[in-house]
Amino acid sequence: MKLSFISDDIINMGLRQLGATEIKSMSATLNIVKFKMPNGEDIIYLYEVKETGSIYLQRVEPYRKMLAKLFDEHNVVMAIKNDLEAFLNAYKSKNYETFISISKSMGLLDTILEEIFFMYNVDSEDLLELKFLVDDVHNELKRVQETSKRLER
C-alpha cells in the first residue's frame with residue numbers, strides 16, 4: 001500500500017492565503033483504465049467518482065479530451081465502450097496516424113494560446129488575427145465533415 005504524504009489542508013491553507021473565496025473538499029475515487037490498440041498503443045481513460053454521485057470521464061491518451069459528466073456506473077461503461085469502439089474503427093483508416101497527430105497539435109494550441117494570453121502583452125490586432133485563423137480552421141473542419149462520408153459502426 002502506498003501512503004500519501006500530501007495534505008489537502010496545507011494546499012487549502014495556501015489557497016486561502018491567495019484569496020480563495022470558497023474551498024469544498026470532498027472525497028473522490030480516481031480510476032485509470034488502460035486498453036491496448038492493435039498497434040500496441042494505449043488508450044487511457046480516467047474517471048473520477050465524486051462523493052456527490054457525479055462521475056467525470058476523460059480520455060487521457062492518445063490525446064486528452066473531456067468526454068462526459070455522468071451519474072451512474074452503466075453510463076460510464078457505455079461511454080468508454082462507445083469511445084473505444086470508435087477508436088478501434090478509426091484505427092482501420094489509413095489516415096489514423098495523421099488524425100492523432102492533428103488532434104495532439106490541436107490540444108497544444110490551447111496550451112500555447114493560454115500561455116501567450118497569461119504571459120505576454122499581446123497586441124489586439126494579433127489576437128484578432130489569431131481569432132480569424134481559428135475561425136478558418138473551424139469552418140474548414142465543418143466543410144470536411146459535411147463533404148465526407150459518415151462511417152458505419
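**Entry 1. Strand pairing**

I began with isoleucine 44 and looked up its bridge partner in E3, which is glutamate 61. I note at the outset that the model is predicted.

I then followed the pairing between the two strands. Strand E2, residues 42–50, runs antiparallel to E3, and six bridges join the pair. I found that E2 and E3 form a hairpin with four residues between them. In that turn I recorded glycine 53, which has a positive phi of about 100°.

On to the next strand. E3 is also joined to strand E4, residues 65–70, by five bridges, and these two strands run antiparallel. Which residue in E4 stands opposite arginine 59? I looked it up and found lysine 65. The connection from E3 to E4 is a hairpin of three residues.

I also checked how covered E3 is. Five of its seven residues are buried, and I therefore entered the strand as mostly covered, with buried meaning under 20% relative accessible area.

**Entry 2. Glutamine 58**

I next took up glutamine 58, which I located in strand E3, residues 55–61. With which side chain does the side chain of glutamine 58 make a polar contact? I found the side chain of arginine 64, at 2.8 Å.

I listed the contacts of glutamine 58, leaving aside its neighbours within four places in sequence. The list holds Ile44, Tyr45 and Leu46, and also Arg64, Lys65, Met66 and Leu67. I compared this list with the strand ranges: E2 covers residues 42–50, and E4 covers residues 65–70. Ile44 appears in the list, and I had already met isoleucine 44 as the bridge partner of glutamate 61.

**Entry 3. Salt bridges**

How many salt bridges does a search of the whole structure find? I recorded six. I examined several of them in detail. As background, side chains of opposite charge can pair when their charged atoms come close.

I looked first at lysine 50, which forms a salt bridge with glutamate 48; their closest N and O atoms are 3.2 Å apart. Lysine 50 is partly exposed at 24% relative accessibility, and glutamate 48 is partly exposed at 23%. Partly exposed is the range between buried, under 20%, and exposed, over 50%, so the value of 24% places lysine 50 in that range.

I turned next to glutamate 85 and lysine 81, whose side chains meet in a salt bridge at 2.8 Å, N to O. Why are these two residues separated by about one helical turn? I noted that they are four residues apart in helix H2, residues 73–91, and that this spacing is why. Glutamate 85 has a relative accessible area of 36% and is partly exposed. Lysine 81 is also partly exposed, at 39%.

I then recorded aspartate 135 and lysine 131, which meet through their side chains in a salt bridge of 2.8 Å, N to O. These residues are four apart in helix H4, residues 124–147, and so are separated by about one helical turn. I entered aspartate 135 as partly exposed at 30% relative accessibility, and lysine 131 as partly exposed at 46%.

**Entry 4. Aspartate 123**

I located aspartate 123 in the loop between helix H3, residues 96–119, and H4. Its relative accessibility is 41%, and aspartate 123 therefore counts as partly exposed. I looked for polar partners of its side chain and found the backbone nitrogen of glutamate 125, which lies 3.0 Å from a polar atom of that side chain.

**Entry 5. The chain as a whole**

I closed with the overall layout. I counted four helices and four strands in the protein chain. From the N terminus on, the elements run α-β-β-β-β-α-α-α. The radius of gyration is 20 Å, well over the 15 Å that the globule rule gives for 153 residues, so the chain is more spread out than a compact globule.

I recorded that the C-alpha atoms fill a box of roughly 55 × 45 × 25 Å, taken along the principal axes. Buried residues make up 16% of the 153 residues. I also looked up the accessible surface, which comes to about 12,600 Å², with 58% belonging to carbon and sulfur atoms. Of the contacts between residues at least 6 apart in sequence, 28% join residues at least 24 apart.

How values were computed: Residues numbered from 1 in each chain as written. Predicted model: local features only at pLDDT ≥ 70, side-chain atom pairs only at ≥ 80, totals over all residues. Heavy atoms only, no water. Polar contact = N/O pair within 3.5 Å; in protein donor to acceptor, adjacent residues only side chain to side chain. Contact = heavy atoms within 4.5 Å. Salt bridge = Lys/Arg side-chain N within 4 Å of Asp/Glu carboxyl O. Buried < 20%, exposed > 50% of the residue type's maximum accessible area, 1.4 Å probe, protein only. Pairing = 2+ DSSP bridges. Rg over C-alpha atoms; globule rule 2.2 N^0.38 Å. Areas by Shrake-Rupley, 256 points an atom, 1.4 Å probe, with all protein chains shown as cover.
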